[in-house]
Amino acid sequence: RQENMELAEKVKKLIAQYELREEHIDKVFKHKELQQQLVDAKLQRTTELMREVEEKHQRERDFLLKEATESRHKCELMKEQESQLKQQLSLYMDKFEEFQTTLAKSNEVFTTFRQEMEKMTKKIKKLEKETTVWRTKWENNNQALLQMAEEKTVRDEDYKALQGKLERLEKLCRALQRERNDLNKKMDLLQGKVSEGTGPPGEQPGEQPGGEEAVGSDTELVGLQPPPGPAETTVN
């Protein structure tokens, strides 16, 4: 009877320890659920930001591509005009030489033609400057597109890192669930052994029914230690 009382006391202590452990596990699960919700919220926010940034980059990319296409088209037009003006200039030079030989005495015609030559030269210089400006804009647009591609690569890497953290948290939650199931199985076994220890009253006081089982229960009680708390579990 004394041994039964001691065994009952051990069972009470074990039940109290199990309740504390259960409360601890519930707190851990609540903590992990909060962490999971926080990670989900961050992931959702990151996904929304990524989508907004992607849409913004797409609009900017389309705008820059359109502007680059227009710049390239204008640059080609400028080159064609420059070529045409050079051809005209060459033609005017030829005419100038003809006029110089045929109308050497006509100062008025020579002066007028020289003025036209100066106008053409100024126009060619102006077109060359405009061509340089458009070429610079086109190069700047290409650099902006490259920078946007690099930023997208960095954001993709951040997104993958968040996915990895989420997977590790899910693995930790599954491990805690398995540990809780193991503890429940041990409690069921201990309760069965206690029921066997309080058997029929015809036994002698000096005899301990199921002695090997009692020793096994003590061993399981010693081995039933609470796992490390959330402070000892590190999630990278």
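Which residue lies over the face of W134? In this predicted model, that position is taken by K137, at 4.6 Å from the ring centre. Pairing between aromatic rings, in contrast, is absent: a search of the whole structure returned zero aromatic pairs.

The secondary structure consists of three helices and zero strands, and the order of elements from the N terminus is α-α-α. Of the contacts between residues at least 6 apart in sequence, 91% connect residues at least 24 apart. Buried residues account for 20% of the 236 residues of the protein. The exposed area comes to about 17,600 Å², of which 54% is supplied by carbon and sulfur atoms.

In soluble globular proteins, nonpolar side chains tend to be buried together. The largest nonpolar core of the model comprises 10 residues, namely M78, L85, L89, F96, F113, M117, M120, I124, L127 and W134. At least two residues of this core come from each of helix 1 (2-102) and helix 2 (107-197). The greatest contribution is that of helix 2, with six residues. Another core lies apart from this one and has five residues, including V28, F29, L176 and L183.

Two members of the largest core, F113 and W134, also appear in the local analysis. When neighbours within four places in sequence are set aside, F113 contacts Y92, F96 and F99; of these, F96 is itself listed in the largest core. W134, likewise a residue of that core, is the one whose ring face is covered by K137.

Methods:
Residues are numbered from 1 along each chain as its sequence is written. This is a predicted model: local features need pLDDT of at least 70, side-chain atom pairs count only at pLDDT 80 or more; totals for chains, interfaces and linings use all residues. Side-chain values use heavy atoms; hydrogens and water are left out. Rings of Phe, Tyr and Trp (its six-membered ring) pair if their centres lie within 6.5 Å; planes under 30 degrees apart count as stacked, over 60 as edge-to-face and the rest as tilted. A charge sits over a ring if NZ of Lys or CZ of Arg is within 6 Å of the ring centre and within 35 degrees of the ring normal. A nonpolar core is a set of buried Ala, Val, Leu, Ile, Met, Phe, Trp, Tyr and Cys residues joined through side-chain atoms within 4.5 Å. Buried means under 20% relative accessible area, exposed over 50%, partly exposed in between (1.4 Å probe, protein chains only). Helices (H or I, at least four residues) and strands (E, at least two) are DSSP runs, numbered from the N terminus. Contact means heavy atoms within 4.5 Å. Accessible areas come from the Shrake-Rupley method with a 1.4 Å probe; for residues, only the protein chains shown count as cover.
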